Number of protein chains: 2
Amino acid sequence: MSTSCLQTIRSNYARLSDKEKIIAKYIINHPQTIIHSTINEVAEKLNVADATVFRFCKRVGFKGYQAMKIALASEIMTPAQQILEEIKEDDNERIVAEKIFKSNIKTLEYTLQVLDEASLNKAVQLLLHASRIHFYGTGGSAVIAMDAYHKFIRTGIQSFAFIDSHFQLMSASQLTGKDVAVIISHSGTNKDTLNILNTANENGAHTIAITSYPKSYLSNHADVTLLTSSEETEYRSEALASRIGQLSLIDALYANVMMRNKKDSEQALNKIRTTISGTRME
Amino acid sequence: MSTSCLQTIRSNYARLSDKEKIIAKYIINHPQTIIHSTINEVAEKLNVADATVFRFCKRVGFKGYQAMKIALASEIMTPAQQILEEIKEDDNERIVAEKIFKSNIKTLEYTLQVLDEASLNKAVQLLLHASRIHFYGTGGSAVIAMDAYHKFIRTGIQSFAFIDSHFQLMSASQLTGKDVAVIISHSGTNKDTLNILNTANENGAHTIAITSYPKSYLSNHADVTLLTSSEETEYRSEALASRIGQLSLIDALYANVMMRNKKDSEQALNKIRTTISGTRME
DNA sequence: TCCTCTAGTGAAATATTTTTTCATAACTTA
DNA sequence: TAAGTTATGAAAAAATATTTCACTAGAGGA
């Protein structure tokens, strides 16, 4: 069972019998409940025989009800894990670290979940065919832009990132229709960032936005928008938490471009290696 | 059950009886197996009575064996998810992104796993009592140092990060016994970075290393070492993958310092907010 | 020392839950 | 319409989990 079991149920839905469809619907809508129910309880709730539920489990590929329950449990996070645990005053260092890491993991899971396939494809295509890529980010997002630069310089495509907002604006004014501007902004509302977006657009450059707000100006005016997502906690702002999603999104773009552009990339990588041999590369 | 169940078992270990300790060990070492075993099988394997296993489940806080199994299943990832999938030539964009995200998630899980409690505690203490914190990183790790700077500036403790290796060395030479140098280097062997470490040490500053190599010079000569971990894939170097672990480690340090230093931090945060109101903060 | 008392344990009894079997109904198709 | 097929539930059987009870060993007290 390599695919997820909810997925399996969904894809088998068409060839299920009527009663089985009822069961499938119930499981898909209440996987949490199933985990803590016996086969009787489920059967009774749905007014079908236990045997029918059991046969359903077999039909969708499990050894039995128990096996399905276990598979569901592995797939669905328990509410305890799903609820982002707040850091408490008396948490020790280890617990705080665990909560932060789990929150980061959750951010990644959620960002992956909201990742739109069409947007991703378009972004990868734009980057692959760009003659230059400029990464822009202000404040905390500047770090991500720098990281992106560090990655993409290995692809063989000319890449740039500027920290200073004046340099950013200057470089944006130099963009052309063959270039791509990747603009990273958690809120999508930072003035400097929007200035860059407008300048890039005016010059006919393609624009890719990485932001947490789908309704922001940035989202609405970029050619492609990639969304990150995160939750705010008392000791860490939403913006801080979203960083990890942005970073992974860049990773994903990079890996895609790298893979689809293998030959060119390898040349570039070798060139870099030769240049900085002497100091250890990282 | 807010904490994880393996964690609960571990923390209850001391007050378990002999037989129960055997059971606890088995579960901690083979959680995967438990998920697919009946209570008999476990009891037989360990040469104890079913009742003993059952009592164990209750003792550590579950309703019964079934409940424990479900909890374990929710906690443990299935093997399919655990195996790091290599990116293949014919993977589409979405699949590549999924693999990258999963690899990042795995990196976080593993980094958390190898996080040493004593080192973490010491690091937090050093940072809390530092009069200044300098973050150092070269190449890709420079980005992490910058990120750390952006975070820690909110704690009210004076923080710095330098990108240029000359500035780095200059600033390191200004460190005193009241200061902390956080040195980030994936390999722990970059020459510039080691120079900084030595300079910091000579000046009596406390040093915290964040690296993937526990046997590196950096590890061996820093006051505290925090380890990250990652796996290399064809389209992404180990160093690139470790970034996400470094970032989360910084997050964890930041959250800890922030929490334990709440009052001072709030003042600092307000000051920043006032200063940069006008442009949207992130 | 001897006698409680307690905690820990396993075997067996019981209860619960799952799985199988079988009979029947409903629906197809020739 | 008859034979075959599929879907279903009821009940039996099997598997599994939980409870009870009796025994043991060790701790503490008279």
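**Strand D**

I looked up Tyr65(B) in this predicted model and found one of its polar backbone atoms 2.8 Å from a phosphate oxygen of DNA strand D. I take a polar contact as a pair of N or O atoms within 3.5 Å; within protein, one must be able to donate a hydrogen and the other to accept it, and residues adjacent in sequence count only if both atoms are side-chain atoms.

Conventions, for the record: residues are numbered from 1 along each chain as its sequence is written, and chains are lettered from A, ligands numbered from 1, in the order in which they are written. Local features need pLDDT of at least 70 and side-chain atom pairs count only at pLDDT 80 or more, while totals for chains, interfaces and linings use all residues; side-chain values use heavy atoms, with hydrogens and water left out.

From chain A, I noted a backbone N or O atom of Ala49(A) at 3.0 Å from a phosphate oxygen of DNA strand D. Arg55(A) places a polar side-chain atom 3.1 Å from a base nitrogen of DNA strand D.

I then listed the surroundings, calling a residue near a strand if one of its heavy atoms lies within 4 Å of it. DNA strand D has 18 residues around it, and the nearest are Ser17(A), Lys19(A), Thr52(A), Ile39(B) and Phe54(B). Of the strand D atoms within 4 Å of the protein, 78% belong to sugar or phosphate and the rest to bases.

For elements I used DSSP runs numbered from the N terminus: helices (H or I, at least four residues) and strands (E, at least two). At least two residues of the surface near DNA strand D come from each of α5 of chain A and α4 (39-46), α5 and α6 (65-75) of chain B. The largest share, 4 residues, is from α5(A).

I sorted residues by class: Ala, Val, Leu, Ile, Met, Phe, Trp, Tyr, Cys and Pro as nonpolar, Asp, Glu, Lys and Arg as charged, and the others, Gly among them, as polar. The surface near DNA strand D has 7 nonpolar, 7 polar and 4 charged residues.

**Strand C**

I repeated the list for DNA strand C and got 18 residues, the closest being Ile39(A), Phe54(A), Ser17(B), Lys19(B) and Thr52(B). Sugar or phosphate accounts for 77% of the strand C atoms within 4 Å of the protein, and bases for the rest.

Phosphate oxygens of DNA strand C lie 2.4 Å from a backbone N or O atom of Ile39(A) and 2.5 Å from a side-chain N or O atom of Thr52(B). I recorded α5(B) as giving the largest share of the surface near DNA strand C, 4 residues. By class that surface holds 7 nonpolar, 7 polar and 4 charged residues.

**Chain B against chain A**

With contact set as heavy atoms within 4.5 Å, I counted 79 residues from chain B and 77 residues from chain A. The buried area (accessible area, 1.4 Å probe, that two parts lose on being put together, summed over both) is about 7100 Å², with carbon and sulfur atoms giving 63%.

I found 4 salt bridges across the interface, using a side-chain nitrogen of Lys or Arg within 4 Å of a carboxyl oxygen of Asp or Glu. One of them joins Arg243(A) and Asp147(B), with the closest N and O atoms 2.7 Å apart. Polar contacts between chain B and chain A link 12 residue pairs (both at pLDDT 80 or more). On the side of chain B that touches chain A, α14(B) supplies the largest share, 15 residues.
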